[in-house]
Amino acid sequence: MAGNLVSYYGGLRLGDLDLPTRLRVESGTEVAYAVSTMAAAKQSGAVVTSGESVIGIFTERDVTTKVASAPDRWQRPVDEFMTAEPHVVSPDETAVDALHTLNRHVIRNLPVVGESGFIATVTSYDLIRVASK
């Protein structure tokens, strides 16, 4: 079965997939605003950008491990709690490349960044959705 998935995903470029829109917040955004925006959008994280450049990713894991225990942190910028310089992939890479990166680094959200900047975020769930169509 693994060979079949690799064959299937091997020819799919990320740039050709219909990836869902993911949340994006600008550097300096307050944690409280980012979390309320994530909740309203039913998203587990947000890509943090400076202009079009991806500088970090802020996820529910950051909220539970770094923010929730200290109420004073809710008014601080997400930059203090995000994962800086996250792993990224280009839209020219394949779905297999994305799966390998997600698995190798034990991450759930992988920003797709092209020449003009942030495009989307891919998750293993996105790739399962594509394969199940």
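1. Let's start with the second largest pocket, where β2 gives the most to the lining, with 3 residues. Keep in mind as you look around that this is a predicted model. The pocket holds about 210 Å³ of space. Its lining has 15 residues, and those nearest the centre are Arg22, Ser44, Arg108, Asn109 and Thr123. Sorted by character, the lining comes out as 5 nonpolar, 6 polar and 4 charged residues.

2. Have a look at threonine 123 next. You'll find it in the loop between β6 and α5 (124-131). Is threonine 123 buried or exposed? Its relative accessible area is 6%, and buried means under 20%, so threonine 123 counts as buried. Setting aside neighbours within four places in sequence, threonine 123 is in contact with Arg22, Leu102, Arg108 and Asn109. Leu102 belongs to helix α4 (residues 95-104) and is one of its buried residues. The others there are Ala95, Val96, Ala98 and Thr101.

3. Just before that loop comes strand β6 (residues 117-122). Here 5 of the 6 residues are buried, so the strand is largely enclosed by the rest of the structure. Which way does β6 pair with β5? The two run in the antiparallel sense, over 5 bridges. A hairpin of 2 residues connects β5 to β6. If you'd like one bridge to find on screen, proline 111 is partnered with threonine 121 in β6.

4. Now for two backbone oddities. Most residues other than glycine have a negative phi. Valine 106 has a positive phi of about 50° although it is not a glycine. Valine 106 sits in the loop between α4 and β5 (110-114), and it is exposed, at 65% relative accessible area. Lysine 42 has a positive phi too, near 55°. Its home is the loop between α2 (31-41) and β2 (45-50). With a relative accessible area of 75%, lysine 42 is exposed because the cut-off for that word is over 50%.

5. Last, the largest pocket, with about 260 Å³ of space. Valine 106 turns up again in its lining, along with residues including Ile57, Asp62, His87, Arg108 and Asn109. Which element gives the most to this lining? That's α3, with 3 residues. Both β3 (53-59) and α3 (60-67) supply at least two residues each. The lining splits into 4 nonpolar, 5 polar and 3 charged residues. Arg108 and Asn109 are worth a second look: they line this pocket, and they are also among the residues nearest the centre of the second largest one.

Notes: Residues numbered from 1 in each chain as written. Predicted model: local features only at pLDDT ≥ 70, side-chain atom pairs only at ≥ 80, totals over all residues. Heavy atoms only, no water. Buried < 20%, exposed > 50% of the residue type's maximum accessible area, 1.4 Å probe, protein only. Helix = DSSP H or I, 4+ residues; strand = E, 2+ residues; numbered from the N terminus. Pairing = 2+ DSSP bridges. Contact = heavy atoms within 4.5 Å. 1 Å grid on protein atoms, 1.4 Å probe; cavity = no way out; pocket = protein on both sides within 12 Å on 5 of 7 lines; lining within 4 Å. Points joined across faces, edges and corners; volume = space filled by probe spheres on them. Nonpolar A, V, L, I, M, F, W, Y, C, P; charged D, E, K, R; others polar.
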